[in-house]
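Subject: A structure for you to look at

Hello,

Here is the structure I promised to hand over. Please open it alongside this message, and then read on for what turned up in it.

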Amino acid sequence: MPRSVLKPDRIRKIQGSFAFVEHRFLRDGFFESLEKTELNLYFFLVLVGDRTGQSWYAYDRICAMLRLTVEEYIEARNNLVRKDLIAFDGHVFQVLSLPQTPVRAARPLLKTREDMERGDPATIQQSIEDAFGIHRGR
């Protein structure tokens, strides 16, 4: 099937930026292995990185630009480090070449009420029903 460019006058060109994401990121399952905040932080770091993948943005600026709480930022950053996608020395980030395979997070056991409210579909549904005064079959 022949492919034609939809808008030939708008073909992207690399102009002074080093930002790129390997197709393997999608094809090999890295994309789907990340949570939303991890994806946002990862792509932000890709966009702002220099030719070695390094960037120097401070956490408060990152949180403001990505609309993250400090807790969300710390969790996403630590998960990206654990998943071997970035390195961080406390001041400098480096987006790393992709590892052989994605690191998939093990699902933690739900132990506390807060864990259940965040990760158990039945508890979440019950909370929603309680909030709206819906009482089915109780």
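Below is a short tour of the sheet, the helices, the core and two loop residues.

Please keep in mind that this is a predicted model.

A good place to start is the sheet. It is open, has 3 strands in the order β1-β3-β2, and its pairing is antiparallel. β1 (54–55) and β2 (86–88) are the edge strands; each has a single partner, so one side of each has no neighbour in the sheet. Between β1 and β3 (residues 93–95), which run antiparallel, there are 2 bridges. If you look at S55, you will find F93 of β3 opposite.

Two helices pack on this sheet. α2 touches β1, β2 and β3, and its direction makes about 95 degrees with that of β3. α4 touches β2 and β3, with its direction at about 115 degrees to that of β2.

These helices also meet each other. The axes of α2 (residues 36–48) and α4 (residues 70–82) come within 9 Å and cross at roughly 75 degrees. With angles of 65 to 115 degrees counted as roughly perpendicular, that makes α2 roughly perpendicular to α4. On the α2 side, the contact is made by T37, E38, L41 and Y42, while α4 brings E72, Y73, A76, R77, N79 and L80. Sorted by class, this contact has 5 nonpolar, 2 polar and 3 charged residues.

Next, the core. In soluble globular proteins, nonpolar side chains tend to be buried together. Here the largest nonpolar core has 21 residues, and L41 and Y42 are the ones with the most contacts inside it. At least two residues of this core come from each of α2, α3 (59–66), α4 and β3. The largest share, 6 residues, is supplied by α2.

Which residues does Y42 touch, leaving aside its neighbours within four places in sequence? They are F25, L80, L85, I86, V95 and L98.

Finally, two loop residues deserve a look. R67 sits in the loop between α3 and α4. Its phi is near 55 degrees, a positive value in a residue other than glycine. R67 is exposed, with a relative accessible area of 75%. D84, in the loop between α4 and β2, also has a positive phi without being glycine, with a value near 65 degrees. D84 is partly exposed, at a relative accessible area of 39%.

Enjoy exploring it!

Best wishes

Technical notes:
Residues are numbered from 1 along each chain as its sequence is written. This is a predicted model: local features need pLDDT of at least 70, side-chain atom pairs count only at pLDDT 80 or more; totals for chains, interfaces and linings use all residues. Side-chain values use heavy atoms; hydrogens and water are left out. Axes are lines fitted to C-alpha atoms, for helices over the stretch in contact, and angles run from 0 to 180 degrees between N-to-C directions. Helices (H or I, at least four residues) and strands (E, at least two) are DSSP runs, numbered from the N terminus. Angles under 35 degrees count as roughly parallel, over 145 as roughly antiparallel, 65 to 115 as roughly perpendicular and the rest as oblique. Contact means heavy atoms within 4.5 Å. Ala, Val, Leu, Ile, Met, Phe, Trp, Tyr, Cys and Pro count as nonpolar, Asp, Glu, Lys and Arg as charged, and the others, Gly among them, as polar. Two strands pair if DSSP finds at least two bridges between them. A nonpolar core is a set of buried Ala, Val, Leu, Ile, Met, Phe, Trp, Tyr and Cys residues joined through side-chain atoms within 4.5 Å. Buried means under 20% relative accessible area, exposed over 50%, partly exposed in between (1.4 Å probe, protein chains only).
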